[in-house]
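Here's a quick briefing for anyone opening this structure for the first time. Have the 3D view ready and follow along topic by topic.

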Amino acid sequence: MSESPPIKALIAPVTPLAQNCTIVWCDKTKKAAIIDPGGEVDRLMAALAQHGLTLEKIWITHGHLDHAGGTAALKAATGAVVEGPHKDDAFWIDEMETSGARWGMPEAKHFTPDRWLEDGDEVTLGETRFQVIHCPGHTPGHVIFYHPEARFAQVGDVLFQGSIGRTDFPKGNYRDLITSITDKLWPLGDDVAFVPGHGPMSTFGRERQTNPFVSDDALSDA
């Protein structure tokens, strides 16, 4: 009889941009992290209560409004520790209110993480540990969260089913993004399932076969 996975996850799209906010939790302790609370904090709090979870951490992949706009409100409501992104995204967080006004999300507020994250860091959740991998390109300070035992990653806007992150925002870099995907994500294994920042889940193996931007065939022709 196989053991149940040490973590569980729930995707809760938020904001008008349908960003995949992800609630992950340690199945043994029911301690949870919310990854990328872009907004709709009341709904996220209700989801925690519905599943009997205690919010322990708030993890941020990068500083864009739709991923981080609700962080300040969620921390104020729960006292949870904010970890991430990498400090190279501080300029995006500093512009949070300006971006919120521009995009019609005035509830978005600036925050200061309790801990900036670096490549190779670990973050803990209950009795589980996730690896932090710095994957610049979409933004310079983008990180992803990876749980090796569960073969699970939350990759923000680095990679999508059938696409990749935009690089036309300030300090975006296409070559950095491709390198992040091929040198940091692919070695984790084809069987790793990932939650992207938008749209449906996929696996690294599927994207290596079919993604028109970063499949093995596409890159061999580049």
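A search of the whole structure, which is a predicted model, turns up six aromatic pairs. Two of those pairs are described below, followed by a helix, the nonpolar cores and a sheet.

**Aromatic pairs**

- A pair of aromatic rings is described by how far apart the centres are and by the angle of the planes.
- Take tryptophan 59 and phenylalanine 130: their ring centres are 4.9 Å apart and their planes sit at 65°, so this pair is edge-to-face, as angles over 60 degrees count that way.
- Tryptophan 59 belongs to strand β4 (residues 54-59) and phenylalanine 130 to strand β7 (residues 128-134), so the pair ties together parts that are 71 residues apart in sequence.
- Are these two rings buried or exposed? Tryptophan 59 is buried, with a relative accessible area of 0%, and phenylalanine 130 is buried too, at 0% relative accessibility.
- Now for phenylalanine 194 and phenylalanine 204: their ring centres lie 5.3 Å apart with the planes at 20°, so this pair is stacked, since planes under 30 degrees apart count as stacked.
- This second pair also links distant parts of the chain, with phenylalanine 194 in strand β12 (residues 193-196) and phenylalanine 204 in helix α7 (residues 204-210), 10 residues apart.
- Phenylalanine 194 counts as buried at 0% relative accessibility, and phenylalanine 204 is buried at 0% as well.
- Trp59 and Phe130 show up again in one aromatic cluster with Phe145.
- There's also a charge over a ring to look for: lysine 171 lies over the face of phenylalanine 91, at 4.4 Å from the ring centre.

**Helix α1 and its two sides**

- Which residues of helix α1 (residues 41-50) are buried? Val41, Leu44, Ala47 and Leu48 are.
- Those buried residues cover an arc of only 115° around the axis, which puts them on the same side of α1.
- Turn to the other side of α1 and you'll find Asp42, Ala49 and Gln50 exposed.
- The cover over the buried residues of α1 includes β1 (7-14), β2 (19-26), β3 (31-35), β4 and α3 (71-78).
- Just after α1 comes glycine 52, with a positive phi of about 65°.

**Nonpolar cores**

- In soluble globular proteins, nonpolar side chains tend to be buried together.
- The largest nonpolar core here has 25 residues, and the ones that touch the most other members are Ile23, Ile34, Leu48, Leu55, Ile58 and Phe111.
- Two or more residues of this core come from each of β1, β2, β3, α1, β4 and α2 (65-68).
- Which element gives the largest share of this core? That's α1, with four residues.
- Leaving out residues up to four places away in sequence, phenylalanine 111 touches Ile60, Ala68, Thr71, Ala72, Val82, Gly84, Ile93 and Met96.
- Apart from the largest core lies another core, of 19 residues, including Leu159, Ile164, Phe194 and Val214.

**The six-strand sheet**

- Strands of a sheet pair through backbone hydrogen bonds, either parallel or antiparallel.
- Follow the order β6-β7-β8-β9-β12-β13 and you've walked across an open sheet of six strands with mixed pairing.
- At the edges are β6 (122-125) and β13 (202-203), each pairing on one side only.
- Strand β8 (residues 143-147) has five of its five residues buried, so it is largely enclosed by the rest of the structure.
- Val143, Phe145 and His147 point one way from β8, while Ile144 and Tyr146 point the other way.
- β7 pairs with β8 in the antiparallel sense over four bridges, and histidine 134 stands opposite valine 143 in β8.
- β8 and β9 are antiparallel too, over three bridges, and the partner of tyrosine 146 in β9 is alanine 153.
- Four residues sit between β8 and β9 in the hairpin they form, and arginine 151 in the turn has a positive phi of about 55°.
- How many bridges join β9 to β12? Four of them join strand β9 (residues 152-156) to β12, and these two strands run parallel.
- Phenylalanine 152 stands opposite alanine 193 in β12.

Key. Residues are numbered from 1 along each chain as its sequence is written. This is a predicted model: local features need pLDDT of at least 70, side-chain atom pairs count only at pLDDT 80 or more; totals for chains, interfaces and linings use all residues. Side-chain values use heavy atoms; hydrogens and water are left out. Rings of Phe, Tyr and Trp (its six-membered ring) pair if their centres lie within 6.5 Å; planes under 30 degrees apart count as stacked, over 60 as edge-to-face and the rest as tilted. Buried means under 20% relative accessible area, exposed over 50%, partly exposed in between (1.4 Å probe, protein chains only). A charge sits over a ring if NZ of Lys or CZ of Arg is within 6 Å of the ring centre and within 35 degrees of the ring normal. The arc is that of the directions from the helix axis to the C-beta atoms. Contact means heavy atoms within 4.5 Å. A nonpolar core is a set of buried Ala, Val, Leu, Ile, Met, Phe, Trp, Tyr and Cys residues joined through side-chain atoms within 4.5 Å. Two strands pair if DSSP finds at least two bridges between them.
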